[in-house]
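Keep the sequence and the 3D view side by side. We will go through the chains in turn, then turn to where they meet.

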Amino acid sequence: MNRQDLTTKTTKNTKELKGRALIKSLGDLRVLCSKDLTVWPSIIVTSLALTMLLIMGVKVAAAQAPTPSDDDVNAVARELYCPVCENIPLDVCPTTACAQWRELIRQMLAQGKSKEEIKQYFVAQYGDRVLAEPPRSGLNWLAYGLPPVIFLVGVYLVYRGMRGVIARRPKPAVTPAGEASAGPSAQAAADPYLTQVEEELRKRE
Amino acid sequence: MTEEATTTTSAGKRLPLWVIAVSFAGLLAFLTLIAWGLHRNQAGPIAIGQKVPPFSLTTFDGQVLKTTDYAGKVLVINFWASWCQPCEQEANSMEQAWQVYKPGGQVVFLGVDYVDTAPQALAFMKKFEVSYPNGPDLRTIISQMFHTTGVPETYILDQQGKLAYVKKGPFMSVAEITSVVDGLVK
């Protein structure tokens with residue numbers, strides 16, 4: 001056997017070995033695939049179970065979210081008034097109706113609703129009169145606008161009145177030294193007649 | 001000189017005419033507004049024999065019922081609330097009376113739920129098997145119109161839409177209801 005024949009034979013053996021290995025691998029793969037086919041359902045079931053657990057976990061976590069405290073509820077309730085018990089804020093009203101309202105506020109807070117949303121709901125259901133403060137719209141603006149306007153008008157009237165009083169008050173007599181004098185001159189300042197006399201005397205000097 | 005000073009002082013006291021006019025106009029408008037509000041608030045309740053203004057009721061299941069749709073029928077309007085103990089006493093009688101008149105179609109019962117929360121109201125209706133139309137008094141418009149003083153209160157309108165009977169407090173029996181309604185059905 002020459003060298004070339006030997007090389008050819010070796011190559012052929014190598015190819016044969018590679019081929020056998022490939023066939024074996026393919027066979028293994030087929031076995032594996034056939035095994036996988038039996039495994040797939042269990043994988044799917046496991047995945048589904050994990051997904052369910054995850055969802056349940058989220059739900060449980062949501063369910064375990066802290067329920068709004070009485071303080072949270074009262075923070076909203078103190079800005080509302082129940083029409084049944086007039087002039088009593090909802091947070092301190094002892095009636096059953098108000099207790100139901102507070103429970104409703106608690107539920108709405110637990111649903112993630114804001115204070116404004118809750119107040120709007122109550123207004124839609126029971127009218128503006130449930131609000132502690134009238135809404136800033138329409139004629140309600142009078143409640144907000146009139147007090148400051150009346151106050152400013154009052155201040156202006158007082159200012160004008162004071163200015164009139166000061167203007168009417170006779171000026172104190174002035175001594176030659178330029179200082180306000182006490183005693184008889186002060187009395188003269190209070191009496192218009194004496195003031196006039198003093199002025200006439202001053203003219204004659 | 002003295003006269004000049006006096007004139008200046010008296011002129012300083014005087015307010016401009018337009019300020020006085022505006023002040024009086026504002027005061028008059030304000031008093032008119034107060035008078036109108038008082039008149040509206042202190043207007044008495046609807047009197048017996050007086051025509052009841054039309055109104056609508058949105059039921060718990062979302063239907064909008066208009067009183068104008070019930071022209072020519074006797075209308076029994078019952079104000080109630082789930083937190084009201086006397087309303088519980090009355091609920092069965094109201095439902096039984098409704099069952100009496102329902103087949104005839106000449107009488108309509110409307111339940112107006114006053115200042116209540118929907119879950120409790122629905123539980124109340126389920127508990128007493130209330131089947132006639134019921135809905136919340138949204139924005140308390142209906143109760144304000146009737147000037148209700150509490151619950152339960154029942155207003156019965158005749159076939160001409162005029163207020164025929166008012167019951168403040170619970171009906172104690174079916175017979176008490178039917179004795180009133182029968183006299184109005186022609």
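The expected span of a helix is 1.5 Å times one less than its number of residues. Try that on helix H7 of chain A, which covers residues 192-204. This helix has 13 residues, so the rule gives 18 Å. Its end C-alpha atoms are 18 Å apart, which agrees. The model is a predicted one, and the check compares its coordinates with the expected span. Is H7(A) buried or in the open? The number of buried residues in H7(A) is 0, so the helix lies largely in the open.

Now take chain A as a whole. Its secondary structure consists of 7 helices and 0 strands. Along the sequence the pattern reads α-α-α-α-α-α-α. The chain has 205 residues, and 10% of them count as buried. Consider next the contacts between residues at least 6 apart in sequence. In chain A, 38% of these join residues at least 24 apart.

How far can each part be trusted? The mean pLDDT of chain A is 76, and 60% of its residues score at least 70. Among the elements of the chain, helix H1 (residues 3-63) has the lowest mean, 55. Helix H2 (residues 70-77) has the highest, 95. Over residues 29-35 of chain A the pLDDT is below 50. Beyond near neighbours in sequence, that stretch has 0 contacts in the model. Where pLDDT is low, the predicted coordinates should not be read in detail.

Move on to H2(A) and its partner, helix H3 (residues 96-110) of chain A. The two axes come within 9 Å and cross at roughly 110 degrees. Angles of 65 to 115 degrees count as roughly perpendicular, so H2(A) is roughly perpendicular to H3(A). Which residues of the two helices make the contact? H2(A) contributes A:Asp72, A:Val73, A:Val76 and A:Ala77. H3(A) contributes A:Arg102, A:Ile105, A:Arg106 and A:Leu109. By class, this contact has 5 nonpolar and 3 charged residues, with no polar ones.

The loop between H2 and H3 of chain A holds A:Cys93. A:Cys93 counts as buried because it has 20 C-beta neighbours inside 10 Å, and the cut-off is 20 or more. Leaving out residues up to four places away in sequence, A:Cys93 touches A:Cys82, A:Cys85, A:Ile88 and A:Cys98. A:Ala77, a residue of the H2(A) contact with H3(A), can be placed relative to this loop residue. A:Cys93 and A:Ala77 are 16 residues apart in sequence, and their C-alpha atoms are 9.6 Å apart in space.

Turn to chain B. This chain has 6 helices and 7 strands. From the N terminus, the order is α-α-β-β-β-α-β-α-β-α-β-β-α. Of its 186 residues, 31% are buried. Among contacts in chain B with a separation of 6 or more, 73% are between residues 24 or more positions apart. Chain B averages a pLDDT of 91, and 93% of its residues score at least 70. Residues 1-11 of chain B have a pLDDT below 50. This stretch has 2 contacts in the model beyond near neighbours in sequence.

B:Trp80 is a useful point to centre the view on. This residue lies in strand S3 (residues 74-80) of chain B. Why does B:Trp80 count as buried? There are 28 other C-beta atoms within 10 Å of its own; 20 or more are needed. Which residues does B:Trp80 contact beyond its neighbours within four places in sequence? They are B:Cys87, B:Gly111, B:Asp113, B:Tyr114, B:Val151 and B:Pro152. B:Asn134 is 54 residues from B:Trp80 along the chain, yet their C-alpha atoms are separated by 9.8 Å.

Finally, look at where the chains meet. The contact takes 15 residues from chain A and 12 residues from chain B. On chain A, H3, helix H4 (115-126) and helix H5 (141-168) each supply at least two residues of the side that touches chain B. Which helix gives the largest share of that side? H3(A) does, with 5 residues. So H3(A) serves in two places: it is roughly perpendicular to H2(A), and it supplies part of the side of chain A that touches chain B. By class, that side has 8 nonpolar, 5 polar and 2 charged residues. For the complex, the predictor gives an ipTM of 0.76 and a pTM of 0.65.

Key:
Residues numbered from 1 in each chain as written. Chains lettered and ligands numbered in written order. Predicted model: local features only at pLDDT ≥ 70, side-chain atom pairs only at ≥ 80, totals over all residues. Helix = DSSP H or I, 4+ residues; strand = E, 2+ residues; numbered from the N terminus. Buried ≥ 20, exposed ≤ 12 C-beta atoms within 10 Å, placed from the backbone. Contact = placed C-beta atoms within 7 Å. pLDDT = per-residue confidence, 0-100. Axes fitted to C-alpha atoms, helices over the stretch in contact; angles between N-to-C directions. Parallel < 35°, antiparallel > 145°, perpendicular 65-115°, else oblique. Nonpolar A, V, L, I, M, F, W, Y, C, P; charged D, E, K, R; others polar.
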